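Q: Please choose one part of this structure and go through it closely, explaining each term as it comes up.

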Amino acid sequence: MNGNPGFAQLPNRFSTAPLSGDGEASPGGGPCCKGSSEAEIRELARLPLDELKALARRTADAVHGNKVLLRGLIEVTNHCAMDCLYCGIRRSNPKAVRYRLSHEELAETIRAGRKAGFMTFVLQGGEDPALSGDGLLRLTETARAAAGPEAAITLSFGIKSRRQYEELKAAGADRYLMRFETAEAELHRYLRNGLTLDQRLKALEDIRAAGLQLGSGFMTGLPGETEDTLIKNIMLAQKLHMEMGGVGPFIPHPETPLRDAPGGDLERAVRATALLRLALPLCHIPATTAAGTIHPEGREQMLEAGANVLMPNITPVAHKKHYLLYPGKICIDESGFQCVGCLSVRVMGRGLKLSWDRGDALPIESLGRTTL
Ligand code: 5AD
Ligand code: FES
């Protein structure tokens, strides 16, 4: 394969031929490995849920095996200067109890995580004014020192400048996550209180240009979506060549303007996960906490639809209950380390197994090594 042509240009090898064997890569036919085209995604979107999930899971098995990568999620700060209409930590929610982890708390959490076996730490937070300027850089240095050179550090703190992303990389960050939230430009501007989709996309470009592995994603079931929104979201995800991609159902928060909107249902979120897998076979896709929040088996359903990542929340328990983007969030009384035990039982029931690998972005060349 010459260079990195991107999924859109690659020949499509989608096939509904059944996989032989137990989900290992099968020579001579099987699910798509190159990423489905828009026409194919539209067709796949019409399949009955079980069929769609099975196709997506087979693609995940062929590319990622039966491993489910673990990432330790640390919610660093719930201060936020933004005012997104859907979000419980928006600046206009006076009821949010605000906190920010100290450097020592962050370092201690990461050290405990390393001891438990985590090789990836995802530091997430609102757009905290205290972390503009050098604040986030210092925090990243602290995280890197605590994690040691081998573990991966992912950041998720919203829009920064290209220069800042470069500095964060130099300070020890490997990856950056920022969902585009919705590919509908008008809806995006409304829900994000004036911020445009183009601003978000420009920042995603900057992240990539800074040499960070790129994660993005979207919510499903936002008020104002149309039938076509899901397809637009999937096609934008594919265009971005996301290396990590999160999908979660929208859940209305009582202290936001969207309090009375209906939330997203599980089926739509699971369908989105499956289509994302078929559009981006290499992508690391989490089974999200939001899915686990709206249904007791929401995360399992996403794994069955091709997700290959779980992110136990290892934020110190004292703070966990205050990082409420949406109500009813699961696992706030458990430590993330207890969750690992719980999750290992849950994935085993699906023929999957937890993995402590770093789980870096897979280079497109690795498709050539996967025979389908
Ligand atoms: N319901 C579901 N997901 C939400 N997020 C923010 N608010 C909500 C909500 N009310 C998601 C956004 C954000 C991610 C960290 O959490 O997609 O990017
Ligand atoms: Fe947290 Fe089950 S995953 S308690």
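A: Helices and strands are runs assigned by DSSP, with H or I over at least four residues for a helix and E over at least two for a strand, numbered from the N terminus. This is a predicted model, in which local features need pLDDT of at least 70 and side-chain atom pairs count only at pLDDT 80 or more, while totals for chains, interfaces and linings use all residues. Residues are numbered from 1 along each chain as its sequence is written, and chains are lettered from A and ligands numbered from 1 in the order in which they are written.

By that assignment, Glu-205 lies in helix α7, which covers residues 197-209, and the protein chain comes to 13 helices and nine strands. Burial is judged by counting other C-beta atoms, placed from the backbone, within 10 Å of a residue's own: 20 or more make it buried, 12 or fewer exposed, and anything in between partly exposed. Glu-205 has 13 such neighbours and therefore counts as partly exposed, whereas 49% of the 372 residues of the protein chain count as buried. The C-alpha atom of Glu-205 is separated by 8.7 Å from that of Arg-162, although their positions lie 43 residues apart along the chain.

The part to look at closely is strand β7, residues 244-249, which is largely enclosed by the rest of the structure because six of its six residues are buried. In a regular strand the side chains alternate between the two faces of the sheet. In β7 both faces are covered, with Met-244, Gly-246 and Gly-248 buried on one side and Gly-245, Val-247 and Pro-249 buried on the other.

The partner of β7 to consider is strand β6, residues 213-220, and the two pair (DSSP finds at least two bridges between paired strands) in the parallel sense over six bridges. Within that pairing, Gly-215 stands opposite Met-244 of β7. Together with helix α8, residues 229-239, β6 and β7 make a right-handed β-α-β unit; right-handed means that, with the strands pointing away from the viewer, the path from the first strand over the helix to the second runs clockwise.

Helix α8 itself has buried residues, namely Thr-229, Leu-230, Asn-233, Ile-234, Ala-237 and Gln-238. An α-helix has 3.6 residues a turn, so residues three or four places apart point the same way. What covers these buried residues of α8, through contacts (C-beta atoms, placed from the backbone, within 7 Å), includes β6 and β7 as well as α1 (38-45) and α9 (266-279). Just after α8, His-241 takes a positive phi of about 50 degrees.

Gly-248 leads from β7 to the ligand, for this residue is one of those that surround ligand 1, where near means that the C-beta atom lies within 6 Å of the molecule. The others are Tyr-86, Cys-87, Arg-179, Glu-181, Met-219, Phe-250, Ile-251, His-253, Ala-290, Leu-325 and Tyr-326. By class, this shell has eight nonpolar, two polar and two charged residues, where Ala, Val, Leu, Ile, Met, Phe, Trp, Tyr, Cys and Pro count as nonpolar, Asp, Glu, Lys and Arg as charged, and the others, Gly among them, as polar.

Elsewhere in the chain, strand β2, residues 72-77, is mostly covered, with six of its six residues buried. β2 and strand β3 (residues 120-125) pair in the parallel sense over five bridges, and β2, helix α3 (residues 103-116) and β3 make a right-handed β-α-β unit.

Notes
Two residues are in contact if their C-beta atoms, placed from the backbone, lie within 7 Å.
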